[in-house]
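User: I would like to learn how to read the features of this model step by step. Could we start with the overall picture and then turn to a single helix?

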Amino acid sequence: MPFPGAASPALVGRNGSGKTTLLTCLAGAGRCKGSLKVNGAAGLVFQNPRFQFLSLTVEDEVLTTLRALEPKAEEQALRQKARALLEEFDSAELGASTPPMN
């Protein structure tokens with residue numbers, strides 16, 4: 001289902017209709033049967049922020065995603081990539097910070 005570049009599509013449906021499952025699959029954060037193709041990037045922000053953070057530091061949170069995207073990459077390379085991403089988004093000073101958990 002293609003969307004124009006400036007589109008902001010909405011996904012609506014009843015409780016239990018699979019909205020979260022679809023978005024989890026699109027973001028690559030869940031196991032799904034069949035195939036999906038995402039041309040570009042897809043992200044996922046959980047409705048309840050208590051379930052958003054998986055790690056104790058911001059850098060480790062970035063590493064969690066990188067490990068999922070590149071499961072065979074060496075840890076040192078992933079750490080360098082995580083630090084580079086934090087730099088790119090002017091967030092290097094937050095790397096050792098603890099994200100809010102509640």
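User: How much surface does the chain expose, and what share of it do carbon and sulfur atoms supply?

Analyst: The model is a predicted one, and in it the chain exposes about 8500 Å², of which carbon and sulfur atoms supply 56%. Buried residues make up 15% of the 102 residues in the chain.

User: Which secondary structure elements does the chain have, and in what order do they run?

Analyst: The chain has 3 helices and 0 strands, so that from the N terminus on the elements run α-α-α. As for how far apart in sequence the contacting residues lie, 34% of the contacts between residues at least 6 apart join residues at least 24 apart.

User: What is the mean pLDDT of the chain, and which elements have the lowest and the highest values?

Analyst: The general caution is that where pLDDT is low, the predicted coordinates should not be read in detail. In this case the mean pLDDT of the chain is 80, and 81% of its residues reach 70 or more. Among the elements, helix α1 (residues 19-26) has the lowest mean pLDDT, 82, whereas helix α3 (residues 75-88) has the highest, 95.

User: Which residues of α3 are buried, and what do they pack against?

Analyst: The general idea is that an α-helix has 3.6 residues a turn, so residues three or four places apart point the same way. In α3, the residues Leu78, Ala82 and Leu86 are buried. Because they cover an arc of only 80 degrees around the axis, they lie on the same side of α3. The buried residues of α3 pack against α2, while the face turned away from the buried side carries the exposed residues Glu87 and Glu88.

User: How does the span of α3 compare with the one expected at 1.5 Å a residue?

Analyst: Helix α3 has 14 residues and reaches 20 Å from its first C-alpha to its last, which is close to the 20 Å expected. Just after α3, Asp90 takes a positive phi of about 50 degrees.

User: Turning to the partner helix, is Thr65 buried, exposed or partly exposed, and why?

Analyst: Thr65 is found in helix α2, which covers residues 58-69. Because its relative accessible area is 46%, Thr65 counts as partly exposed, a class that lies between the cut-offs of under 20% for buried and over 50% for exposed. Thr65 also illustrates separation in sequence against distance in space, since Thr65 and Gly28 are 37 residues apart in sequence and 9.7 Å apart in space, C-alpha to C-alpha.

Notes:
Residues are numbered from 1 along each chain as its sequence is written. This is a predicted model: local features need pLDDT of at least 70, side-chain atom pairs count only at pLDDT 80 or more; totals for chains, interfaces and linings use all residues. Side-chain values use heavy atoms; hydrogens and water are left out. Helices (H or I, at least four residues) and strands (E, at least two) are DSSP runs, numbered from the N terminus. Buried means under 20% relative accessible area, exposed over 50%, partly exposed in between (1.4 Å probe, protein chains only). Contact means heavy atoms within 4.5 Å. Accessible areas come from the Shrake-Rupley method with a 1.4 Å probe; for residues, only the protein chains shown count as cover. pLDDT is the predictor's confidence in each residue, from 0 to 100. The expected span of a helix is 1.5 Å times one less than its number of residues. The arc is that of the directions from the helix axis to the C-beta atoms.
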